[in-house]
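This briefing introduces one protein structure to a reader who has not seen it before. Please look over the sequence and the model before going on to the points below.

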Amino acid sequence: MRSFTVRRSRADDAPAIHALRSHPLTRRHQPLIPGTVDALERALAERGSAALTPDQDGKVQWTIEIGGEPAGWISVEVTSRSHHNATLGYALAPHYHGQGVTSAAVLQTLEAIFAPDQLAIERLEAVAAVDNTGSRRVLEKCGFTYEGIARGYLIISGRRVDHARYARLRSD
């Protein structure tokens, strides 16, 4: 496996992350809303500095770094603080796909996501386009349980796409 680092996102990651978000292979499976580098810079600064506390709401983000350069991201959005639920998202530069980096990076962030003194999430959900076998494999390697197909779950490139639903509990 390629050597990598996972760290909290920073504003200066924006150009590299914006380029990754714009890549056709990334956009193929994700409903990413186009935006400017400046807007992404502000979002990353906010998400990367959000405290990892049991009362944190909203989105937090990590950057996957390879060779000292941003190569991907992992984001968690707290969807229900009262139920301790959140959703997971991630992407990695296509030329690093299939090397085990994403799975290892997700596993590393799960510690902070589930830790009672950090985000204190008890149910972490994720979806992957049905034909996105790489992403589905990441979730399965990371101990997520397949829960079924959400028909027409997201609109990607103007069409409704079925997604496989997964979840992992803190107790898993």
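What follows covers the sheet, the helices, burial, the surface and the salt bridges.

This is a predicted model, in which local features need pLDDT of at least 70 and side-chain atom pairs count only at pLDDT 80 or more, while totals for chains, interfaces and linings use all residues. Residues are numbered from 1 along each chain as its sequence is written, and side-chain values use heavy atoms, with hydrogens and water left out. The central element described here is an open sheet of seven strands with mixed pairing.

**The sheet**

- The strand order in the sheet is β1-β2-β3-β4-β5-β7-β6; strands (E, at least two residues) and helices (H or I, at least four) are DSSP runs, numbered from the N terminus.
- β1 (5-8) and β6 (145-156) are at the edges, and each has a single partner strand, so one side of each has no neighbour in the sheet.
- From one strand to the next, the twist averages 30°; axes are lines fitted to C-alpha atoms, for helices over the stretch in contact, and angles run from 0 to 180 degrees between N-to-C directions.
- Two strands count as paired if DSSP finds at least two bridges between them.
- Strands of a sheet pair through backbone hydrogen bonds, in either a parallel or an antiparallel sense.

**Strands β1, β2 and β3**

- β1 pairs with β2 in the antiparallel sense, over four bridges, and Arg7 has Thr63 in β2 as its bridge partner.
- β2 (residues 58-66) also pairs with β3 (residues 69-80), in the antiparallel sense and over nine bridges.
- Gln61 stands opposite Ser75 in β3, and the bridge partner of Ile66 in β3 is Glu69.
- The hairpin formed by β2 and β3 has two residues between the strands, and Gly67 in the turn has a positive phi of about 60°.
- Seven of the nine residues of β2 are buried, so the strand is mostly covered; buried means under 20% relative accessible area, exposed over 50%, and partly exposed in between (1.4 Å probe, protein chains only).

**Helices on the sheet**

- Helix α4 (residues 101-114) packs on the sheet and touches β1, β2, β3, β4 (85-92), β5 (123-129) and β7 (159-169); contact means heavy atoms within 4.5 Å.
- The direction of α4 makes about 140° with that of β2.
- Helix α5 (residues 133-141) packs on the sheet as well, touching β4, β5, β6 and β7, and its direction makes about 155° with that of β5.
- Ser103 belongs to helix α4 and is buried, with a relative accessible area of 8%.
- Leaving aside residues up to four places away in sequence, Ser103 touches Val138, Lys141 and Cys142.
- Val101 is also in helix α4, and at 0% relative accessibility Val101 counts as buried.
- Val101 and Ile33 are 68 residues apart in sequence, and their C-alpha atoms are 25 Å apart in space.

**Surface**

- Val130, Tyr146 and Ile149 form a nonpolar surface patch with about 240 Å² of accessible area together.
- Patches are made of residues with over 30% relative accessible area and no salt bridge, where like charges are joined within 9 Å and nonpolar side chains (Val, Leu, Ile, Met, Phe, Trp, Tyr) within 5 Å.
- Accessible areas come from the Shrake-Rupley method with a 1.4 Å probe, and for residues only the protein chains shown count as cover.
- Tyr146 lies in strand β6 and is partly exposed, at 41% relative accessible area.

**Salt bridges**

- The count comes to seven salt bridges, each a side-chain nitrogen of Lys or Arg within 4 Å of a carboxyl oxygen of Asp or Glu.
- One of them joins Arg7 and Glu65, whose closest N and O atoms are 2.8 Å apart.
- This pair links distant parts of the chain, with Arg7 in strand β1 and Glu65 in strand β2, 58 residues apart.
- Arg7 is buried at 14% relative accessibility, and Glu65 is buried with a relative accessible area of 16%.
- Another salt bridge is formed by the side chains of Glu122 and Arg170 (4.0 Å, N to O).
- Glu122 is in the loop between α4 and β5 and Arg170 in the segment after β7, 48 residues apart, so this pair too links distant parts of the chain.
- Glu122 is partly exposed at 38% relative accessibility, as is Arg170, with a relative accessible area of 31%.
- Glu125 forms a salt bridge with Arg123, and the closest N and O atoms are 2.7 Å apart.
- Glu125 is buried, with a relative accessible area of 17%, whereas Arg123 counts as partly exposed at 22%.
- Arg123, Glu125, Glu147 and Arg165 are joined into one network by salt bridges that share partners.
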